[in-house]
Structures are given as structure tokens and as C-alpha cells.
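Trainee: I should like to understand how the descriptive terms used for a model are justified. May we go through them, setting each value against its criterion?

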Amino acid sequence: MIILEKLLALAAVLLLIICMMAPLKKTAFAEKHPGIKRVVGFHAVYAWLLLAAGLAHGILAGKQPGMVTGKIAWMVLLVLILLTLLRRKMKASAWNLLHRVLSAAVCVMIVAHVIVAVSF
């Protein structure tokens, strides 16, 4: 169980990194390296996989010190994903701002989660 929990944590971190690479899709670097465009092209799928991996990791981790920060990070990610359902009803500029703010909040909470989990 412990190995599976650690593998899920690693998978979640890798998925988060790939999700955060999405802005690279529109850069000159991606034009030179088409593989980057293909990898980050499945941004929404990676987000759902991140949500599932985070949930499974949290269930398997049990009552560890990082539980509270992990739950907060997971809930912010859930809100971010659910808000994509309203994306078409929002102005593009408003959606981009909201998406960036919530994405940054998820990243900050994940960093806090790792710090708490490793420290205590």
C-alpha cells in the first residue's frame, strides 16, 4: 500500500507539471518541438487524471500530517475543473484570469502540502 501511495503521489506531481506546461503550447519552442504540443494538448484529460490520482493518494495516505493541506488543494482543483463547465458562458478574459488564479492556488497548496507532509 505504501508503495502504491507513493507512486500515486509521484503521478500526481508529474500530471501537475504537465498541466502547468499548457501555456507552452502557444510558444515558438512548441513550434520547434512538435512533441511538446502533442503532450500538452490533452490538458483537460491530465486535469481529470490529476484529480483521480490525488483522491486515490489521499485515501491511501490515511491520517497523515499533510491531510488538511492535501484536502484543500484537492478541493481547489475540483472547483477549477467544475468551473470549466461554465467556461463557455464567461468572457475569455474572465475565464483566463480565473483559471490562472485557481491554477496558481492549486500549485501553492500542493507546495504547502508537500512541505507539511515532509516536515511532520
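Mentor: Let us begin with the word helix: a helix is a DSSP run of H or I covering at least four residues, and helices are numbered from the N terminus. By that criterion, His57 is placed in helix α4. Please bear in mind that this is a predicted model.

Trainee: How many helices and strands does the protein chain have?

Mentor: The chain has 6 helices and 0 strands. From the N terminus on, its elements run α-α-α-α-α-α. Its C-alpha atoms fill a box of roughly 40 × 30 × 20 Å along the principal axes.

Trainee: Why is His57 called buried?

Mentor: Buried requires a relative accessible area under 20%. His57 has 16% and is therefore buried.

Trainee: Which residues are in contact with His57, leaving aside its neighbours within four places in sequence?

Mentor: They are Glu5, Leu8, Ala9 and His113. The last of these, His113, is found in helix α6.

Trainee: Is His113 buried or exposed, and how do you know?

Mentor: The relative accessibility of His113 is 16%, so this residue counts as buried, the limit being under 20%. Apart from neighbours within four places in sequence, His113 is in contact with His57, Gly66, Thr69 and Gly70.

Trainee: Glu5 was also named as a contact of His57. What makes Glu5 a residue without a salt bridge?

Mentor: Glu5 has its place in helix α1. A salt bridge needs a side-chain nitrogen of Lys or Arg within 4 Å of a carboxyl oxygen of Asp or Glu. For Glu5, the nearest side chain of opposite charge is Lys6, at 4.1 Å. The cut-off of 4 Å is therefore not met, and buried Glu5 has no salt bridge. Not counting residues up to four places away in sequence, Glu5 touches His57, Leu60 and Ala61.

Trainee: Which side chains do meet in a salt bridge?

Mentor: Those of Glu31 and Lys37, with an N to O distance of 2.8 Å. That value is within 4 Å, so the pair qualifies. The structure holds 1 salt bridge.

Trainee: What makes Glu31 exposed, and why is Lys37 called partly exposed?

Mentor: Exposed means over 50%, and partly exposed lies between that limit and the buried range. Glu31 has 53% and so counts as exposed, whereas Lys37 has 33% and is therefore partly exposed.

Trainee: How do the same limits apply to Ile59?

Mentor: Ile59 lies in helix α4. Its relative accessibility is 61%, so Ile59 counts as exposed. Ile59 and Met109 are 50 residues apart in sequence and 18 Å apart in space, C-alpha to C-alpha.

Trainee: Where is Ile17, and why is it not called exposed?

Mentor: Ile17 is in helix α1. Its relative accessible area is 44%; because exposed requires over 50%, Ile17 is partly exposed.

Trainee: How do you know that Ile17 may belong to a nonpolar surface patch?

Mentor: Patch members need over 30% relative accessible area, and the 44% of Ile17 satisfies that. The patch, of about 570 Å², is made by Ile3, Leu7, Leu10, Val13, Leu14 and Ile17.

Trainee: What is known of the largest nonpolar core?

Mentor: A nonpolar core is a set of buried residues such as Ala, Val, Leu and Ile, joined through side-chain atoms within 4.5 Å. The largest one has 16 residues, of which Leu15, Leu50, Ala53, Leu77, Ile81 and Val106 touch the most other members. Helices α1, α4, α5 and α6 each supply at least two residues of this core. In soluble globular proteins, nonpolar side chains tend to be buried together.

Trainee: What does Val106 contact beyond its neighbours within four places in sequence?

Mentor: Val106 is in contact with Leu16, Ala73, Val76 and Leu77.

Trainee: What share of the whole chain is buried?

Mentor: Buried residues make up 24% of the 120 residues. The chain exposes about 8,300 Å², of which carbon and sulfur atoms supply 76%. Among contacts with a separation of 6 or more, 63% join residues 24 or more positions apart.

Key
Residues numbered from 1 in each chain as written. Predicted model: local features only at pLDDT ≥ 70, side-chain atom pairs only at ≥ 80, totals over all residues. Heavy atoms only, no water. Buried < 20%, exposed > 50% of the residue type's maximum accessible area, 1.4 Å probe, protein only. Contact = heavy atoms within 4.5 Å. Lys, Arg positive; Asp, Glu negative; His and termini not counted. Patch = residues over 30% accessible without salt bridge, like charges linked within 9 Å, V, L, I, M, F, W, Y side chains within 5 Å. Areas by Shrake-Rupley, 256 points an atom, 1.4 Å probe, with all protein chains shown as cover.
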